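Student: Got a minute to go through this model with me? I'd like to start with the aromatics.
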Amino acid sequence: MLNFGLLKYLDYHQRFLQGRIQISDVFLVWWCVRDLLLWISSNPLDIDFTCEWKPEELYSHINTEWLSHFKTDKFWTITLIPSGEKQRSYQLTPLRTEWDYEDFRHPWEINWSNDILLDAKRRDFSINAMYYFSVEQKTKKELDYVKENPKILSESDLLKILKTQWYCYLSDINLLILTDSQFISQVFPQSHFDEYAFRYLVETQNECYITWEEKEKRPEKLFRVLIDSTWGIESMIHRKLTTVWNPDQRFGEDALRLIRGLRLVNVCNYQLLQLDKKNKIDTTPQSQATAPLTGSKVSSLWGEGDHEVVERLNKVQLFDFSSETWESIKKNTPLLVHVAKERIKEELCKPFQKWNPFAFVVLLDASGMLPILFPALAKTKFVDQPIRYHAFDVYTHIMLSLKAIQEMNSDYLVRFAMLYHDVWKVWQYAAYDKAKTKEEKQIIFSWPLNHRESSPVLMKADFSALWFSKKEIETIERYIHEHHTPGEILNSHPNNRIKKVRKLYSEKWYEMVNNLFDINIADRLWQENPLQNSSDLTDSYYLKELLNQLKNSEGQFEMKDLAINWEKLMKHFKLEPSRLVWELLHQAFDWVLTDINERNKEKEIFNYLENYIKNRKNS
């Protein structure tokens with residue numbers, strides 16, 4: 001059941017905004033409403049709101065004391081950030097209508113409106129087009145509602161009421177839900193709240209309904225309204241993402257909505273799964289179990305022993321697309337070529353930064369977007385690998401490795417590196433099949449045919465086209481190029497591993513080395529190599545433990561920490577600046593890495609270098 005009781009957490013923000021904007025008729029909209037109804041959050045940080053007024057006049061009336069504030073020039077989105085709050089922000093876009101999307105992205109004409117119904121029609125998906133409103137009662141007269149035998153509202157009853165009566169009143173939280181445009185216009189003529197119209201609808205309702213949270217709660221001294229003219233409640237109950245009106249029209253207006261739809265499903269499902277893990281309901285009769293984000297006991301909801309209903313709540317229901325929306329997404333995918341690449345990049349990065357990149361890429365593939373956005377990755381599908389080393393084709397291995405890395409590492413660049421770490425294998429295996437001699441096959445494992453060397457080339461091309469920054473691309477490139485390095489360390493003699501890890505640590509910062517070890521674990525985990533136990537990754541985890549020991553015991557040992565420098569070296573051996581000085585310094589550094597405590601001494605280093613120079617001359 002949707003949790004309408006959680007909407008009360010928006011009342012504080014409503015009062016705050018009404019005071020700062022100096023307008024009483026302020027509507028909260030978008031994901032702050034959606035996430036509360038889905039039980040995903042009780043503390044929204046990004047709060048979108050709207051109201052009726054011309055933006056330039058509205059901006060001048062805002063009380064900006066203790067508020068950071070800025071606006072966009074074209075769409076007049078005003079952002080307010082309370083002082084001292086680093087995470088919470090408020091975004092205001094005044095009620096408006098939009099027309100003539102000539103570039104498949106931006107409206108050519110924007111008109112400021114006083115009609116909340118017209119504002120809802122311009123939005124993308126129905127679950128993003130619900131408006132919440134609350135205001136303190138102006139009169140002292142209490143609502144005259146039926147107090148005897150209130151009915152606990154079920155999802156099916158709610159939809160039935162809304163489709164026959166077009167509104168529903170929940171007495172325990174004093175919330176009026178409106179779906180019909182006529183009733184919405186009556187309660188909010190020109191987007192201004194009419195208390196008497198609100199009272200009339202409430203007092204003429206035949207039945208009294210309450211949420212399943214609390215049975216005996218009297219109405220609060222607030223009027224609350226949820227406006228849902230696009231049937232977002234139905235979409236959330238059935239867990240079906242639907243567009244506002246015709247999907248072809250919505251995607252034709254703004255093609256970026258194609259990716260946003262996939263991301264929205266990805267985000268909601270990830271949050272619902274995380275919530276499900278944290279808030280499993282105990283179904284034992286002796287339990288004092290509570291529903292997620294509420295204080296309601298199971299026994300008070302359905303009666304003792306009604307465990308069948310409780311068990312159904314334990315099975316989290318995830319979002320899908322309505323058939324009409326999904327078919328429209330697949331049909332309109334080619335429109336993505338009209339969208340600015342930097343906006344596409346923003347949408348792609350969000351699931352990789354925080355949510356479920358594996359499931360998101362699966363949706364990209366199913367919708368037909370993968371060849372457009374990640375062409376090199378799309379070409380890895382159905383490319384078989386040598387069964388001696390890999391049980392899956394290249395694409396399947398990459399995707400399973402991505403799923404593994406996202407469970408252990410939250411760095412979005414690491415996750416993107418995992419997505420492209422093997423893409424060159426398409427060409428590597430094609431060349432391998434054509435090679436006839438042993439020498440030709442050996443060449444394939446060297447540059448440029450080796451996938452470790454050339455996968456970054458494909459990554460650069462695809463990610464540059466998506467407007468990733470130079471720094472982001474260089475970081476991803478390092479991860480791909482070095483993703484075999486941990487394996488090479490493991491293949492070396494055990495006595496040399498600490499030296500090699502220390503050397504790797506000296507060349508790269510701790511986070512990058514630790515990320516490389518995570519990439520190695522995810523890569524090995526889904527090789528399913530029949531010649532080795534893929535589930536036994538003890539040696540890989542040993543490298544991570546060794547890295548942490550080095551960090552805690554001695555830190556990062558770099559060239560500057562060497563007991564000698566180039567000046568001392570030239571003075572001791574009476575050398576002029578030359579390549580030999582550089583060679584001796586690096587030779588000394590490599591020698592010291594074996595045992596820093598014993599070898600990083602000036603006398604010991606010079607003794608070693610004297611022998612090195614002597615042997616060098618003899619050879």
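Tutor: Sure. Phe573 and Phe606 are both buried. Keep in mind that this is a predicted model.

Student: How are the rings of Phe573 and Phe606 arranged, and how far apart are their centres?
Tutor: The pair is edge-to-face, because the planes stand at 80 degrees and the cut-off is over 60. The ring centres are 5.9 Å apart.

Student: Which helices do Phe573 and Phe606 sit in?
Tutor: Phe573 is in helix H28 (residues 566–573), and Phe606 is in helix H31 (residues 602–618). The pair therefore ties together parts 33 residues apart in sequence.

Student: How many aromatic pairs are there?
Tutor: The count is 32. One of them joins Phe188 and Phe193, with 5.7 Å between centres and 50 degrees between planes, a tilted pair. Phe188 and Phe193 are both buried.

Student: Which residues form an aromatic cluster?
Tutor: One cluster is made of Phe352, Phe374, Tyr412, Phe416, Tyr420, Phe463 and Phe468.

Student: And charges over rings: which lysines sit that way?
Tutor: Lys8 has its charged end over the ring of Tyr9, 5.9 Å from the ring centre. Lys163 does so over Trp231, with its charged end 5.9 Å from that ring's centre.

Student: Switching to the core. Which residues of the largest nonpolar core touch the most other members?
Tutor: Phe4, Leu226 and Phe374 do, in a core of 113 residues. Another core, of 26 residues, lies apart from it and includes Phe27, Val29, Phe198 and Val202.

Student: What does Phe4 touch, beyond four places away in sequence?
Tutor: Its contacts include Leu37, Leu158, Leu170, Ile173, Leu226 and Ile233. Thr211 is also among them.

Student: Now helix packing. At what angle do H15 and H18 pack?
Tutor: About 150 degrees, with the axes 8 Å apart. H15 covers residues 357–367 and H18 covers 394–406.

Student: Which residues meet there?
Tutor: H15 brings Pro357, Phe358, Val361, Val362 and Asp365. H18 brings Tyr395, Met399, Leu402, Lys403 and Gln406. That divides into 7 nonpolar, 1 polar and 2 charged residues.

Student: Last one, Ser24. Where is it, and is it buried or exposed?
Tutor: Ser24 is in the loop between helix H1 (11–21) and strand E1 (27–29). Its relative accessibility is 39%, so Ser24 counts as partly exposed.

Student: What does Ser24 touch further along the sequence?
Tutor: Gln18 and Phe133, leaving out residues up to four places away. Ser24 also lies 9.1 Å from Ser134, C-alpha to C-alpha, although the two are 110 residues apart in sequence.

Definitions and conventions. Residues are numbered from 1 along each chain as its sequence is written. This is a predicted model: local features need pLDDT of at least 70, side-chain atom pairs count only at pLDDT 80 or more; totals for chains, interfaces and linings use all residues. Side-chain values use heavy atoms; hydrogens and water are left out. A nonpolar core is a set of buried Ala, Val, Leu, Ile, Met, Phe, Trp, Tyr and Cys residues joined through side-chain atoms within 4.5 Å. Buried means under 20% relative accessible area, exposed over 50%, partly exposed in between (1.4 Å probe, protein chains only). Contact means heavy atoms within 4.5 Å. Axes are lines fitted to C-alpha atoms, for helices over the stretch in contact, and angles run from 0 to 180 degrees between N-to-C directions. Helices (H or I, at least four residues) and strands (E, at least two) are DSSP runs, numbered from the N terminus. Ala, Val, Leu, Ile, Met, Phe, Trp, Tyr, Cys and Pro count as nonpolar, Asp, Glu, Lys and Arg as charged, and the others, Gly among them, as polar. Rings of Phe, Tyr and Trp (its six-membered ring) pair if their centres lie within 6.5 Å; planes under 30 degrees apart count as stacked, over 60 as edge-to-face and the rest as tilted. A charge sits over a ring if NZ of Lys or CZ of Arg is within 6 Å of the ring centre and within 35 degrees of the ring normal.
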